[in-house]
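Work through the exercises below with the structure open. Each task is followed by a stepwise solution.

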Amino acid sequence: MDSIGNILTKYRKKAGLTQIDVAKELTRRGLKVNSGAVCTWEKDTIIPDAKHFLALCEILEIHNIYNEFIGYNLEDPFAKLNDEGISIVLKTIHLLEKSGEYTREENRAIFTPRKLPFYDIPVSAGTGNFLDGESFTEVEVSSDVSLKAEYGLRITGDSMEPRFVNGQIVWIQPASELHNGEIGIFFLDGNAYIKKFDHSKKGTYLVSLNTKYAPIELTENSNFKILGRVV
């Protein structure tokens, strides 16, 4: 089975798109990234998260995701059909939908708008800025924002690229503890950071996703506090 990056590259080239084209399509769908992020996915340096992955499959027209990325699925009703057989089934489905007699009644969940605090002073993804506890405005958020989120911040800097980019808004679930490898908001020596939490026998570090930034080691003299989890 080929790697995720190689499969994405193959379909991108098949579609005649550049990495910049893919980044623009993702941004148009509300998933703001740059071509550097697409490059890291294709090199298998970083695996795209679920939202970005499904959007990539839509953009690159990867329809049979299971078979393409995991392997042959015996429970797939299309598994034993050739391309002609699959085409016939899809045409039949289209005719059934068009007739209107076999469409399922959808029970759509009713979304209740909610407002969350949004902090005006950006949290740093580079050198760190103080997170002012009172400088915020309330903003109405869409259903895309996790129900676990209780406030939002704007990132400044490039140390968390390609996953998080300069100017991006992240939504935070307050937490005093994080699991190893989770992305969080941290207070350290007067500054607030968005970093990956890395705790092991070697020590505890705040790690940037952008490799040009060195990990920040926490010591017994550090004035440190976990503020929340990025959700």
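The model is predicted. We begin with one ring residue: phenylalanine 186 has 0% relative accessibility, and so counts as buried.

**Exercise 1.** Classify the ring pair of phenylalanine 186 and phenylalanine 224, and place both partners.

*Solution.*
- Step 1: The centres are 5.9 Å apart, and the planes meet at 20°. Planes under 30 degrees apart count as stacked, so the pair of phenylalanine 186 and phenylalanine 224 is stacked.
- Step 2: Phenylalanine 186 belongs to strand 6 (residues 183-188), and phenylalanine 224 to strand 10 (residues 224-230). The pair therefore ties together parts that are 38 residues apart in sequence.
- Step 3: Phenylalanine 224, at 28% relative accessibility, counts as partly exposed.
- Step 4: Ring pairs also bring in Phe197, giving a cluster of Phe186, Phe197 and Phe224.

**Exercise 2.** Decide what geometry the rings of phenylalanine 53 and phenylalanine 69 adopt.

*Solution.*
- Step 1: The structure holds three aromatic pairs. In the pair of phenylalanine 53 and phenylalanine 69, the ring centres lie 4.9 Å apart, with 70° between the planes. That angle is over 60, so the pair is edge-to-face.
- Step 2: Phenylalanine 53 sits in helix 4 (residues 50-59) and phenylalanine 69 in helix 5 (residues 65-69), so the contact ties together parts 16 residues apart in sequence.
- Step 3: Check burial. Phenylalanine 53 has a relative accessible area of 18% and is buried. Phenylalanine 69 is buried too, at 13%.

**Exercise 3.** Find which ring the charged end of lysine 195 sits over.

*Solution.*
- Step 1: The ring is that of tyrosine 213.
- Step 2: The charged end of lysine 195 is 5.9 Å from the ring centre.

**Exercise 4.** Inspect the backbone at proline 162, aspartate 44 and glutamate 61.

*Solution.*
- Step 1: Recall the background. Most residues other than glycine have a negative phi, and most peptide bonds are trans.
- Step 2: Glutamate 161 and proline 162 are joined by a cis peptide bond, with omega about 10°. Proline 162 falls in the loop between strand 4 (151-156) and strand 5 (169-174).
- Step 3: Aspartate 44 has a positive phi, near 65°. Its loop runs between helix 3 (35-42) and helix 4. With a relative accessible area of 36%, aspartate 44 is partly exposed.
- Step 4: Glutamate 61 has a positive phi, near 60°. This residue is found in the loop between helix 4 and helix 5. At 54% relative accessibility, glutamate 61 counts as exposed.

Note on methods. Residues numbered from 1 in each chain as written. Predicted model: local features only at pLDDT ≥ 70, side-chain atom pairs only at ≥ 80, totals over all residues. Heavy atoms only, no water. Phe/Tyr/Trp six-rings, centres within 6.5 Å; stacked < 30°, edge-to-face > 60°. Helix = DSSP H or I, 4+ residues; strand = E, 2+ residues; numbered from the N terminus. Buried < 20%, exposed > 50% of the residue type's maximum accessible area, 1.4 Å probe, protein only. Lys NZ or Arg CZ within 6 Å of the ring centre and 35° of its normal.
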